[in-house]
Structure formats: structure tokens, C-alpha cells
Amino acid sequence: MMEDACPLSRWELLRQLLNNLTLDELPRWLEAHPDWIVLDVRTPEEFDAGSLPRATNLDYLGIDFIDRLLALDKEKGYLVYCRSGRRSVRVSTLLRNAGFLHVYHLHGGLPGGVISVTEQPDEGS
């Protein structure tokens, strides 16, 4: 049967080729990578409603998206996220295919409009 031939969705197949972070890993990752650029690939309206610390808006649906994407410095590191993870999978894949070596993807995005990322408590607290 054709359905049994490819049990994974195309999103899952693309995601498996990326460096992925979970929302739980994000606070410590941000702290450990202060020089990396955080790319929010949602619309400006979504971005204005709240974004991660240090985020720069690069609207995946914007008319100038490809020009802005290709103008990024390939030597820098990037964390890419959106609301659900679908746009960020696409953008992370585009970056990787364009020769960017340091790209991480926030798996699952920021569901439900989560915008607060706090430090993890010390284990001794």
C-alpha cells in the first residue's frame, strides 16, 4: 500500500535534517549562545504581539523575504522560530541549503502565543 511506504510527513522528514531545540531547552540555549541571531519568521503583526528576547522579524510571507534572507551573514549562527514550526522548518531548510552552517530550529514553534522565556531554576533552589 502507498500509505505504508512513507509513514512520516514531509514536515517531519525536513525537521529530522535540522538542528532542533524544544521550548524546554530554549532558555539555557539562549543563555549559552548570546551572539546568535534569533529570527522570528512570523508576520509583523504576530511579531508585534510578542516575540522572544533578541528576536529580529524576517516575515516569511513578506515580499522582500528572499532578499533579506540572502543578505544574512552565513558565518553567524541563527535560531529560527514561528508560531507552529512549519514556517521555521522551511526557513531553516532554505538557510541550510544556501550554505548557512549554524542554524537551529525551534521545534513546535511558540504554541498558543507563548512569548515568555524564563531562566530555569537552579537545582539547589
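A residue is buried when its relative accessible area is under 20%, exposed when it is over 50%, and partly exposed in between. The exercises below apply this and related criteria to a predicted model.

**Exercise 1. Classify Arg54 by accessibility and describe its backbone.**

Step 1. Locate the residue: Arg54 sits in the loop that joins helix 4 (44-48) to strand 3 (55-57).

Step 2. Apply the cut-offs. The relative accessible area of Arg54 is 38%, so the residue is partly exposed.

Step 3. Check the backbone. Arg54 has a phi near 70 degrees, which is positive although the residue is not glycine. Most residues other than glycine have a negative phi.

**Exercise 2. State how many helices and strands the protein has, and in what order they follow.**

Step 1. Count the elements: the protein has six helices and five strands.

Step 2. Read along the sequence. The pattern is α-α-β-α-β-α-β-α-β-α-β.

Step 3. Add the totals for the chain. Of the 125 residues, 36% are buried. The exposed area is about 7,700 Å², with carbon and sulfur atoms supplying 53% of it.

Step 4. Consider contacts with a separation of 6 or more: 66% of them are between residues 24 or more positions apart.

**Exercise 3. Test whether the length of helix 6 agrees with its number of residues.**

Step 1. Helix 6 covers residues 86-97, and has 12 residues.

Step 2. The expected span is 1.5 Å times one less than the number of residues, which gives 16 Å for helix 6.

Step 3. The C-alpha atoms at the ends of helix 6 are 17 Å apart, so the two values agree.

Step 4. Look just past the helix: Gly99 has a positive phi of about 100 degrees.

**Exercise 4. Sort residues of helix 6 into buried and partly exposed, and find the surface patch that Leu94 belongs to.**

Step 1. List the buried residues. In helix 6 they include Arg87, Ser88, Val89, Val91, Ser92, Thr93 and Leu95.

Step 2. Turn to Leu94, also in helix 6. Its relative accessibility is 35%, so Leu94 is partly exposed.

Step 3. Find the patch. Leu94 joins Ile66 and Leu70 in a nonpolar surface patch of about 270 Å². Patch residues need over 30% relative accessible area, and Leu94 has 35%.

**Exercise 5. Classify the ring pairs that Tyr104 makes with Trp29 and Trp36, and say which parts of the chain they tie together.**

Step 1. Set the context: the whole structure holds five aromatic pairs.

Step 2. Take Trp29 and Tyr104. Their ring centres are 5.4 Å apart and their planes meet at 50 degrees, so this pair is tilted. Trp29 belongs to helix 3 (residues 26-32) and Tyr104 to strand 5 (residues 103-106), so the pair ties together parts 75 residues apart in sequence.

Step 3. Compare the accessibilities. Trp29 is buried at 7%, whereas Tyr104 is partly exposed at 25%.

Step 4. Take Trp36 and Tyr104. This aromatic pair is edge-to-face, with 5.6 Å from centre to centre and 65 degrees between the planes. Trp36 lies in the loop between helix 3 and strand 2 (37-40), so its pair with Tyr104 in strand 5 ties together parts 68 residues apart in sequence. At 19% relative accessibility, Trp36 counts as buried.

Step 5. Combine the pairs: Trp29, Trp36 and Tyr104 form a cluster linked by ring pairs.

Technical notes:
Residues are numbered from 1 along each chain as its sequence is written. This is a predicted model: local features need pLDDT of at least 70, side-chain atom pairs count only at pLDDT 80 or more; totals for chains, interfaces and linings use all residues. Side-chain values use heavy atoms; hydrogens and water are left out. Patches are made of residues with over 30% relative accessible area and no salt bridge: like charges are joined within 9 Å, nonpolar side chains (Val, Leu, Ile, Met, Phe, Trp, Tyr) within 5 Å. Accessible areas come from the Shrake-Rupley method with a 1.4 Å probe; for residues, only the protein chains shown count as cover. A salt bridge is a side-chain nitrogen of Lys or Arg within 4 Å of a carboxyl oxygen of Asp or Glu. Helices (H or I, at least four residues) and strands (E, at least two) are DSSP runs, numbered from the N terminus. Buried means under 20% relative accessible area, exposed over 50%, partly exposed in between (1.4 Å probe, protein chains only). Rings of Phe, Tyr and Trp (its six-membered ring) pair if their centres lie within 6.5 Å; planes under 30 degrees apart count as stacked, over 60 as edge-to-face and the rest as tilted. Contact means heavy atoms within 4.5 Å.
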